[in-house]
2 protein chains.
Amino acid sequence: MIELFQKYLLDKISLSPVELTLITSVIKVKKLRKKQFLLQEGDIWQYNAFVSRGFLKTFSIDRDGREHIMNFSPENYWAGDRESLINGTPSKFNIDAIEDSEIILIRKDDFEMLCREIAQLKDLVNTILQKSFVVSQTRIHASISLTAEDKYQYFLERFSSLTNRIPQHMIASYIGVTPETLTRIRRNSARNK
Amino acid sequence: MIELFQKYLLDKISLSPVELTLITSVIKVKKLRKKQFLLQEGDIWQYNAFVSRGFLKTFSIDRDGREHIMNFSPENYWAGDRESLINGTPSKFNIDAIEDSEIILIRKDDFEMLCREIAQLKDLVNTILQKSFVVSQTRIHASISLTAEDKYQYFLERFSSLTNRIPQHMIASYIGVTPETLTRIRRNSARNK
DNA sequence: CGATTCTTTGAAAACAGTCAATCTGTGTGG
DNA sequence: CCACACAGATTGACTGTTTTCAAAGAATCG
């Protein structure tokens, strides 16, 4: 549904019909079924990806086969590996679908062209980048200063509207503890209320 | 030394004498002595700050009075609290000088003016922001997936040229362990070699 | 329904934090 | 220039937290 992406854009910036058509002309829509990959470790990520429906996660897999979740991307958010995108290096991450999803893809060079043509889009992208940076700083702060229990509480606040869509072991992975530990944290916080 | 800042800029982008003069006209130089604050928690951060000499750290202080270091900024790097800057909200962080330092300050509105006038500067800022984002993603990844010892090793690699300027308890704070734990980690990794 | 995945539980081991004491090196004031 | 104070680093003993491993219950999906 390209309309969902257009709606997202028009909600943030004002675009002429011509501009909207230009954007639409370089879009590729991709449907992903649950568990299907959008990006696999080693691939070079060359897109800007907007989640129009569904839910993605970005994660790494370590030598022991354990997943470490870097990010969740629900509908109306962006996904991708910026490091691979800007440096052209193989990605260290995987992205797959937690739910059946629909993704709007724009190739790197097309996206750069759009940013050159549409100054507002460039500004939007920058604003998003600034916010992403602040969000990641906040997560770093949480991870070096909070206890595991506080990280979990913080997670619940920050993702309150999404928690019922995220399995518990993925929350554990995101905050950096084992699933067993998260179970015990939950038991304790329930007891202490 | 405004020259150091000019040199940094000219190394990254090409500026006409007029542009350089424009930039210089809005600069404020501030000298900080070791332990002196550039920003204190609760203040609203309104600058872009470039470290021309010295070494700053950005940190929070929790209820127990413990420092948690978010960032180190040596000479030729930027410092500040982007969250406070873009939202106009009181900062949760402190910035102070690890060594006597010299800072180039440009007020937010002046900086925006410069970015409007000098497209290349805007692009430079964006590139820096992208890189900062990638760096912070990498740190998040380390903090959720590595053991304390590996975080320390990773720190040593990443800051190899600076480690002799950073006291050990600050490294501990940065990677999120107590100074005692870092001592023991070091003892163990020395033993295992 | 059967298979698979997710969550919970228990017991033991590994790890990290706390507190108090000691050691080391630095720098400042007398 | 020395002595002393101070901050930083280390150590030990102890406590608390998290992981590990194995197993057993739930929940979900085809």
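**Entry 1: helix packing in chain B**

A note to myself before I start: a helix crossing is called left-handed if the near helix is turned anticlockwise from the far one by less than a right angle, and right-handed if clockwise. I also keep in mind that this is a predicted model.

I looked up H6(B) and H7(B) and found their crossing to be right-handed. H6 covers residues 148-158 of chain B and H7 covers residues 168-175 of chain B; they pack at an angle of about 115 degrees, with their axes 10 Å apart. From H6(B), the contact takes B:Ala148, B:Lys151, B:Tyr152 and B:Phe155, and from H7(B) it takes B:Ile171, B:Tyr174 and B:Ile175. I sorted these residues by class and got 6 nonpolar, no polar and 1 charged.

Then I asked myself which residues of H7(B) are buried. They are B:Ile171, B:Ala172, B:Ser173, B:Tyr174 and B:Ile175. Just after H7(B) comes B:Gly176, and its phi is positive, near 90 degrees.

**Entry 2: the matching pair in chain A**

I went over to chain A and looked at helix H6 (residues 148-158) and helix H7 (residues 168-175) there. Their axes come within 10 Å and cross at roughly 115 degrees. The crossing of H6(A) and H7(A) is right-handed. On the H6(A) side I noted A:Ala148, A:Lys151, A:Tyr152 and A:Phe155, which meet A:Ile171, A:Tyr174 and A:Ile175 of H7(A). The class count for this contact is 6 nonpolar, no polar and 1 charged.

**Entry 3: how the two chains are related**

Next I wanted to know what rotation superposes chain A on chain B. It is a rotation of 180 degrees, with 0.0 Å of shift along its axis, and the RMSD is 0.0 Å. The two copies are therefore related as by a two-fold rotation axis. I checked which residue of chain A comes closest to that axis, and A:Phe133 does, with its C-alpha at 2.6 Å. The same surface serves both copies, since I find that 100% of the contact residues of chain A recur in chain B.

**Entry 4: where chain A touches chain B**

I looked up the contact between the chains: it takes 22 residues from chain A and 22 residues from chain B. On the chain A side, the elements that give two or more residues are strand S4 (67-74), helix H3 (82-87) and helix H5 (119-145). Which of these gives the most? H5(A) does, with 14 residues. By class I have 7 nonpolar, 11 polar and 4 charged residues on this side of chain A.

**Entry 5: around the DNA**

I started with DNA strand C. It has 14 residues around it, and the closest are A:Gln168, A:His169, A:Thr183, B:Ala148 and B:Thr181. So both chains appear in my list of closest residues. The elements giving two or more residues to this surface are H7 and H8 of chain A, together with H8 of chain B. H8(A) gives the most, with 5 residues. The surface near strand C divides into 4 nonpolar, 6 polar and 4 charged residues.

DNA strand D came next. Among the 14 residues around it, A:Ala148, A:Thr181, B:Gln168, B:His169 and B:Thr183 come nearest. Here the elements with two or more residues are helix H8 (179-191) of chain A, plus H7 and helix H8 (179-191) of chain B. The largest share, 5 residues, comes from H8(B). I count 4 nonpolar, 6 polar and 4 charged residues by class near strand D.

**Entry 6: a few single residues in chain A**

I picked out A:Glu19, which lies in helix H2 (residues 17-25) of chain A. Is A:Glu19 buried, exposed or partly exposed? It counts as partly exposed, because it has 17 C-beta neighbours inside 10 Å. A:Glu19 is 99 residues from A:Ile118 in sequence, and in space the two are 7.3 Å apart, C-alpha to C-alpha.

I also went looking at phi values. Most residues other than glycine have a negative phi. A:Lys35 is not a glycine, and its phi is positive, near 75 degrees. I located A:Lys35 in the loop between strand S1 (27-32) and strand S2 (37-39) of chain A. A:Lys35 is exposed, because 10 other C-beta atoms lie within 10 Å.

A:Asn76 has a positive phi too, about 75 degrees, and is not a glycine. I found A:Asn76 in the loop between S4 and strand S5 (78-79) of chain A. With 14 C-beta neighbours inside 10 Å, A:Asn76 counts as partly exposed.

Technical notes
Residues are numbered from 1 along each chain as its sequence is written. Chains are lettered from A and ligands numbered from 1 in the order in which they are written. This is a predicted model: local features need pLDDT of at least 70, side-chain atom pairs count only at pLDDT 80 or more; totals for chains, interfaces and linings use all residues. Axes are lines fitted to C-alpha atoms, for helices over the stretch in contact, and angles run from 0 to 180 degrees between N-to-C directions. Helices (H or I, at least four residues) and strands (E, at least two) are DSSP runs, numbered from the N terminus. Two residues are in contact if their C-beta atoms, placed from the backbone, lie within 7 Å. Ala, Val, Leu, Ile, Met, Phe, Trp, Tyr, Cys and Pro count as nonpolar, Asp, Glu, Lys and Arg as charged, and the others, Gly among them, as polar. A residue is near a molecule or strand if its C-beta atom, placed from the backbone, lies within 6 Å of it. Copies are superposed by least squares on the C-alpha atoms of residues with pLDDT of at least 70 in both. A residue is buried if 20 or more other C-beta atoms lie within 10 Å of its own, exposed if 12 or fewer, and partly exposed in between; C-beta atoms are placed from the backbone.
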